[in-house]
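Here's a quick tour of a structure for anyone who likes to look at contacts and pockets. Have the viewer open and follow along.

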Amino acid sequence: MAPNIRTESLTVSYRRTVVLRQISLEAVGGEVLALIGPSGCGKSTFLRALNRLVEETPGAHVTGRVFLGEMNIYSSAVDVTELRRRVGMVFQAPNPFPFSIFDNVAYGPRLRGVSDAAELRRIVERSLQEAALWDEVRGKLRRPALTLSGGQQQRLCIARALAVRPEVLLLDEPTAALDPVSTEKIEELVSNLRGRYTIVMVTHNLRQAARVSDRTAFFDDGSLVEVGLTRQIFTAPRDPRTEQYLTGRYFP
Amino acid sequence: MNQGRVLHWFALLVALGAAIVFLGLLTDTIREGLPHLTWQFLTTAPDERRGGGGIAPEIVNTVVMVGGALLVTAPLGLVVAIYQAEWQGRVHDGGVIDQVRATWLSVPSVVVGFIVYRVAVAWWHWPLSLATGGLALAVMNWPVMVTVSISALKRVPHAYREASLALGATRFDTVRRVVLPAALAELIDGWGWALARLAGESAALIITAGINVSAHWSVWGPGETLAVYIWYVRTEGVGADAGGVAAATALTLMMFIAVTLWLSGRLADWRRRAGH
Ligand SMILES: Nc1ncnc2c1ncn2[C@@H]1O[C@H](COP(=O)(O)OP(=O)(O)OP(=O)(O)O)[C@@H](O)[C@H]1O
Ligand SMILES: [Mg+2]
């Protein structure tokens, strides 16, 4: 069963600027939680705090707590490598490695010491199937990943993330760089992954949030303004800022 | 015409002028050197007494010293570059290594040769030899290697590193499994370019490797390279056709450089294609 991921008073600053203030938010196991909000409000930073990737940024400082299931991921006993296996991430611009399709998907398993060819093949096939890319690339696994279309590359990145059997998926505007057809495929894929993974997805596309998410959280200027069932947020937001944002963007 | 147009034409004119001068010199060298450029010329030793003879030892010396210097400095430069670009870069930019490198890059090669002479020959009592010359080339080349490696690493998209880290790779794994393979084409290009540059070096080698070849080849024996030989024949040239010998040697050196650049370019392209 996919675990909950929950932040308690999460505060992140870069050098001296605070970009996330006291965020307490929970993604329930197996749900799709959408994060929306104006550009620069801290959505990506929030995601990157959930797999501690934010620590790779020079000058970033995190306080507060983040629980994956029962485990505080910022406690010193946590193995970051293992944490990032459990919490997969997909970025805004598709970023496959300049390797073959196969080697991209096999990257994570190989890191963890899987070297048996038959097992790697099984993992690669399973992951590509799960990412709804298998039918398009079967028999072409030796091709460079960068020869795929943008939409295929993004699904490859999802397959690459799934190959290490994560429990949580962080998607940072996964369709921002894609055409409508590829976007639809990714949305369908997210709907299919729902339930098996806890998914936190940042999106600027409000319709997308409305279509695929169970709950939606609205961020503004580093703070969590409100979170609720997606339908409620979109039809009856409690906070005037949410309403302004939704109407401003939705019905200009 | 706007300024961009003017600049464009100006640049074109300068390039054209340079090309014409270069072609002129090249045809001159070819005309003078080609008659000398025989198989025998490439495979025999120079004739010390009567002048003339071949350039076989010079070819070997060039390959050994330049290759040796590159073999030693390429990995060292890469390690320093990795430390700077992949680790230190996160903490603070610039720093002592950068300043030393920038200064070192601007030191004239004769001066490097002189310093190496002072240290290796005067203090350590190394002979004027291939080893000492190779050391001078290595000393000259290391900041180049660091610079070339850093620029190759910097051209690897940051998104690759993030993808790797997000999959649970350590920084070390990320460098080894993603950054280096992705940078390899650029690195090969840089190594080829450095090799070509070193092959043309003469000033530092005159002081450290000597201006003759020994009858019994050894890394501890004197080792004149092609470039040094050209200088030697041109200035001290004895024998009937010093000009022809120098031109033929120059042609050989140019071919060596052209082949090096072509090979490294092909190798780099092949690596590049492997990823795309
Ligand atoms: N590496 C960094 N160093 C300093 N400040 C940063 C860094 N990354 C982001 N910021 C700042 O932190 C704030 C939040 O950035 P973040 O990328 O999390 O926003 P976002 O909500 O994802 O925006 P967008 O919708 O445009 O992707 C911004 O003001 C940004 O300028
Ligand atoms: Mg963002």
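## Around ligand 1

Start with the shell around ligand 1, keeping in mind that this is a predicted model. Chain A supplies the surroundings: Y14(A), V19(A), S39(A), G40(A), C41(A), G42(A), K43(A), S44(A), T45(A), T57(A), E173(A) and H204(A). Sorted by class, that shell comes to 3 nonpolar, 7 polar and 2 charged residues. If you're wondering which element gives the most to the shell, look at helix α1 of chain A, residues 43-50, with 3 residues.

Now for some distances. On the backbone side, a polar atom of G42(A) sits 3.0 Å from an oxygen atom of ligand 1. Two side chains also come in: an N or O atom of K43(A) is 2.7 Å from a ligand 1 oxygen, and an N or O atom in the side chain of H204(A) is likewise 2.7 Å from an oxygen of ligand 1. Taken on its own, ligand 1 has 630 Å² of accessible area, and the protein covers 60% of that.

## Where chain B meets chain A

Next up is the interface. On the chain B side 23 residues are in contact, and they touch 26 residues of chain A. Together the two chains bury about 2,100 Å², with 61% of that on carbon and sulfur atoms. Which three residues of chain B supply more of its buried area than any other three? They are A166(B), L167(B) and R177(B), which account for 30% of the area chain B buries against chain A.

As for polar links, there are 2 salt bridges between chain B and chain A. One pair to pull up is R48(A) with E162(B), whose side chains form a salt bridge at 2.7 Å, N to O. The polar contact rule picks out 4 residue pairs across this interface, both partners at pLDDT 80 or more. On chain B, the helices α7 (158-166), α8 (171-199) and α11 (242-275) each put at least two residues into the side that touches chain A. By class, that side holds 11 nonpolar, 6 polar and 6 charged residues.

## Chain B as a whole

Zoom out to chain B and you'll count 11 helices and 0 strands. Reading from the N terminus, its elements are α all along the run. Its C-alpha atoms fill a box of roughly 70 × 60 × 35 Å along the principal axes.

## A salt bridge inside chain A

Over all chains, a search of the whole structure turns up 28 salt bridges. Among them is R194(A) with D214(A), a side-chain pair at 2.7 Å, N to O. What does this pair tie together? R194(A) is in the loop between α7 (180-193) and β8 (198-202) of chain A, while D214(A) is in the loop between α8 (206-212) and β9 (215-220), so the bridge links parts 20 residues apart in sequence.

Notes:
Residues numbered from 1 in each chain as written. Chains lettered and ligands numbered in written order. Heavy atoms only, no water. Contact = heavy atoms within 4.5 Å. Buried area = accessible area lost by both parts, 1.4 Å probe. Salt bridge = Lys/Arg side-chain N within 4 Å of Asp/Glu carboxyl O. Polar contact = N/O pair within 3.5 Å; in protein donor to acceptor, adjacent residues only side chain to side chain. Helix = DSSP H or I, 4+ residues; strand = E, 2+ residues; numbered from the N terminus. Nonpolar A, V, L, I, M, F, W, Y, C, P; charged D, E, K, R; others polar. Near = heavy atom within 4 Å. Areas by Shrake-Rupley, 256 points an atom, 1.4 Å probe, with all protein chains shown as cover.
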